[in-house]
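I opened this notebook to record what I looked up, entry by entry, and in what order. The questions are about strands, rings and burial.

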Amino acid sequence: GTIDLGSTSQRWKDLYLSGGVYLGGTGSANKLDDYEEGTRSTGSVSGITATTNTVDSFYTKIGRTVIETIKVVISGKSGGSGNPNISLSFTPTTNILTSTFQGGSIGLNTVVSAAYFGVYGTTAQVYANTSSGGYISHSSWGNGTLVFTVIYES
């Protein structure tokens with residue numbers, strides 16, 4: 001740990017690695033071998049019937065941590081069934097309840113009377129929840145826009 005690569009006045013432009021990089025040590029916990037960014041359009045909120053029902057998202061994945069921002073637009077809602085859910089870009093490895101206090105945030109919500117969104121088990125889906133963690137059914141969903149960010153481990 002005594003040799004520098006570059007200096008403040010002589011820096012490298014790009015670095016391309018195929019096997020990962022070790023940060024702060026040589027143990028397996030120090031190895032970063034996955035980084036990606038992407039966008040996706042998942043189609044719609046499952047369980048909602050509407051003229052317009054779109055879900056778009058963008059994500060950043062660093063190692064096993066995923067930070068995903070999801071935008072939902074619903075208009076002309078005419079029905080639904082069950083507890084609506086939104087698919088995620090990756091399958092979570094753990095069961096978490098995501099909220100502004102537990103790894104996520106809601107930026108705009110004119111769609112559903114929910115203050116929380118939960119990721120359950122290893123299903124790659126997010127559900128709207130009450131403050132006690134119960135599902136919010138399709139009858140509580142309406143027209144509008146919903147934007148939220150969820151952080152989970154894949």
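**Entry 1: an aromatic pair**

I began with two rings and noted that Tyr-59 and Phe-90 are both buried. The model is a predicted one, and I read every value below with that in mind. Searching the whole structure for aromatic pairs, I found two. Tyr-59 and Phe-90 make up an aromatic pair with edge-to-face geometry, the centres lying 5.0 Å apart and the planes at 90° to each other. I then checked where the partners sit: Tyr-59 belongs to strand S4 (residues 46-62), whereas Phe-90 is in the loop between S5 and strand S6 (96-98), so that the pair links distant parts of the chain, 31 residues apart. I also looked for a charge at the ring of Phe-90, and recorded that Lys-61 lies over its face at 5.5 Å from the ring centre.

**Entry 2: the strands around S4**

Which residue of S5 is the bridge partner of Tyr-59? I looked it up and wrote down Glu-68. S4 and S5 run antiparallel and are joined by 15 bridges. Their hairpin has two residues between the strands, and I noted there that Gly-63 takes a positive phi near 60°.

Turning to the other partner of S4, I found that strand S3 (residues 35-43) is joined to S4 by eight bridges, again with the strands running antiparallel. S3 and S4 likewise form a hairpin with two residues between them, and I located Gly-43 opposite Val-55 in S4.

**Entry 3: S5 and S10**

I followed S5 onward and counted ten bridges that join it to S10, the two strands running antiparallel; as one point of register, I noted Lys-71 opposite Val-147 in S10.

I kept in mind that side chains of a regular strand alternate between the two faces of the sheet. Along S10 (residues 144-153) I found this alternation: Gly-144, Leu-146, Phe-148, Val-150 and Tyr-152 point to one face and are buried, while Thr-145, Val-147, Thr-149, Ile-151 and Glu-153 point to the other face and are not buried.

**Entry 4: one residue of S5**

Last, I looked up Asn-85, which lies in strand S5 (residues 65-87). Why does Asn-85 count as buried? Its relative accessibility is 10%, and because the cut-off for buried is under 20%, Asn-85 counts as buried. Leaving aside residues up to four places away in sequence, I listed its contacts as Val-45, Ser-46, Gln-125, Val-126 and Tyr-127.

Note on methods
Residues are numbered from 1 along each chain as its sequence is written. This is a predicted model: local features need pLDDT of at least 70, side-chain atom pairs count only at pLDDT 80 or more; totals for chains, interfaces and linings use all residues. Side-chain values use heavy atoms; hydrogens and water are left out. Helices (H or I, at least four residues) and strands (E, at least two) are DSSP runs, numbered from the N terminus. Buried means under 20% relative accessible area, exposed over 50%, partly exposed in between (1.4 Å probe, protein chains only). Contact means heavy atoms within 4.5 Å. Rings of Phe, Tyr and Trp (its six-membered ring) pair if their centres lie within 6.5 Å; planes under 30 degrees apart count as stacked, over 60 as edge-to-face and the rest as tilted. A charge sits over a ring if NZ of Lys or CZ of Arg is within 6 Å of the ring centre and within 35 degrees of the ring normal. Two strands pair if DSSP finds at least two bridges between them.
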